[in-house]
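Trainee: Could we take a close look at one part of this model together? I'd like to understand how the protein meets one of its DNA strands.

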There are 2 protein chains.
Amino acid sequence: MSVIFSKKCEYALQAILYLASKDEKEYFSAREIAKDLKIPKEFISKILQSLVNFKIVGSKKGKNGGFYLAKNPNKIRLIDIVEAIDGLDVFTTCVLGFPECSYDSPCPVHSEWGKLRSLAYDMLSSQTIDHFTEKTLKKINQL
Amino acid sequence: MSVIFSKKCEYALQAILYLASKDEKEYFSAREIAKDLKIPKEFISKILQSLVNFKIVGSKKGKNGGFYLAKNPNKIRLIDIVEAIDGLDVFTTCVLGFPECSYDSPCPVHSEWGKLRSLAYDMLSSQTIDHFTEKTLKKINQL
DNA sequence: ATTAATTCGGATAAATTAATCTTATTAAAC
DNA sequence: GTTTAATAAGATTAATTTATCCGAATTAAT
Ligand code: SF4
Ligand code: SF4
């Protein structure tokens with residue numbers, strides 16, 4: 001099974017898009033995020049906690065506490081989430097799993113794949129999450 | 001850690017490229033493929049065995065036996081290997097892990113991501129492995 | 001103060017993927 | 001025929017990823 005992002009990263013992206021799309025409240029609890037996105041509560045808690053460490057998300061403990069975006073949605077890029085959770089290795093290591101990927105010793109598909117990889121990186125770097133709020137709300141309501 | 005292809009798939013691609021690039025011999029044993037590509041022998045054996053089931057690779061048992069390409073390298077596309085080992089789900093399921101990806105209920109990044117995905121699919125579908133023999137040999141010699 | 005609802009950290013369990021081992025079968029070489 | 005070297009198939013183990021559990025700390029409401 002091929003995968004682009006780990007489950008952790010998928011959930012992280014979903015949760016961040018969720019927080020960015022709903023702004024009426026101050027704090028959103030892991031419980032309610034998990035319920036709306038239909039993903040395991042304990043798992044998304046852990047993920048949100050690590051996003052707190054990366055200063056992308058903020059949190060407040062205790063009753064009525066929860067999570068919120070620590071930055072303006074137009075300052076959070078998709079790549080920031082990917083980098084925090086999965087790292088940026090996909091963009092630097094060989095697609096074919098050959099060791100020592102570099103411009104000196106390119107893997108066989110270097111030139112073809114390289115273009116796609118750059119495009120993906122550029123897309124994830126240029127798109128900020130405020131750009132997706134409308135579509136996110138629509139999607140969440142369908143879950 | 002993000003991954004594009006599973007380890008199995010990476011090794012499969014490597015092994016196929018290997019077979020396509022070396023044509024002086026009839027059969028290549030798992031032992032020698034594993035040694036040259038520096039990957040576990042037992043693992044690559046299993047992978048080659050399943051490629052035999054997919055009719056991409058042929059095999060001969062017994063002493064001096066081994067594996068060989070069952071088709072002309074210019075008829076084997078990269079996507080064929082990916083499909084056999086990992087399946088084509090990456091190209092149809094949501095990058096963000098939202099369920100029910102479709103054109104009715106696109107995930108938030110649908111339009112941006114969709115382009116990249118099509119490009120990746122097209123590339124893997126258009127490139128046949130005979131195209132990479134020279135670069136593969138160069139790479140193998142560096143391992 | 002007490003209670004309830006929350007994040008947080010660490011430990012643990014379950015599931016999946018990666019790798020290895022074991023035995024059987026096949027075929028060439030001697 | 002015996003030995004040797006190979007694939008094949010199935011079982012097992014190891015490692016990694018995904019998911020859950022538990023107890024402590026925190027905060028708001030009663
Ligand atoms: S295509 Fe080139 S740059 Fe991309 S992983 Fe392979 S060697 Fe590295
Ligand atoms: S971007 Fe669109 S097509 Fe691609 S996974 Fe998301 S919903 Fe599906």
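Trainee: Which of the 25 residues around DNA strand D come nearest?

Mentor: Happy to walk you through it. This is a predicted model, so local features need pLDDT of at least 70 and side-chain atom pairs count only at pLDDT 80 or more, while totals for chains, interfaces and linings use all residues. Residues are numbered from 1 along each chain as its sequence is written, chains are lettered from A and ligands numbered from 1 in the order in which they are written, and side-chain values use heavy atoms, with hydrogens and water left out.

Now your question. The residues that come nearest to DNA strand D are Pro40(A) and Phe43(A) from chain A, together with Ala30(B), Lys46(B) and Ser59(B) from chain B. On the DNA side, sugar and phosphate make up 68% of the atoms of DNA strand D that come within 4 Å of the protein. A residue counts as near when one of its heavy atoms lies within 4 Å of the strand.

Next, look at individual polar contacts (pairs of N or O atoms within 3.5 Å). At Lys7(A), a polar backbone atom is 3.2 Å from a phosphate oxygen of DNA strand D. Bases are reached too: a polar backbone atom of Gly62(A) is 3.3 Å from a base oxygen of DNA strand D. For Lys63(A), a backbone N or O atom lies 2.9 Å from a base oxygen of this strand.

Which elements build this surface? Helices (at least four residues) and strands (at least two) are DSSP runs numbered from the N terminus. From chain A, helix H1 (7–21) and helix H3 (41–53) each supply at least two residues of the surface near DNA strand D. From chain B, helix H2 (30–37), helix H3 (41–53), strand S1 (57–60) and strand S2 (66–69) each do so as well. H3(A) gives the most, with three residues.

Sorted by class, the surface near DNA strand D has five nonpolar, nine polar and 11 charged residues. Here Ala, Val, Leu, Ile, Met, Phe, Trp, Tyr, Cys and Pro count as nonpolar, Asp, Glu, Lys and Arg as charged, and the others, Gly among them, as polar.

It helps to set DNA strand C beside this picture. There are 26 residues around DNA strand C, and those that come nearest are Ala30(A), Lys46(A), Ser59(A), Phe43(B) and Gly62(B). Of the atoms of DNA strand C within 4 Å of the protein, sugar or phosphate holds 68%, and bases hold the rest.

Two of the residues just named also make polar contacts with DNA strand C. A polar side-chain atom of Ser59(A) lies 2.5 Å from a phosphate oxygen of the strand, and a polar backbone atom of Gly62(B) is 3.2 Å from a base oxygen. Lys63(A), which you met at DNA strand D, has a backbone N or O atom 3.4 Å from a base nitrogen of DNA strand C.

As for elements, chain A brings helix H2 (30–37), H3, strand S1 (57–60) and strand S2 (66–69) to the surface near DNA strand C, and chain B brings helix H1 (7–21) and H3, each with at least two residues. Here H3(B) gives the most, with three residues. The classes come to six nonpolar, nine polar and 11 charged residues.

Definitions and conventions: A polar contact is a pair of N or O atoms within 3.5 Å; within protein, one must be able to donate a hydrogen and the other to accept it, and residues adjacent in sequence count only if both atoms are side-chain atoms.
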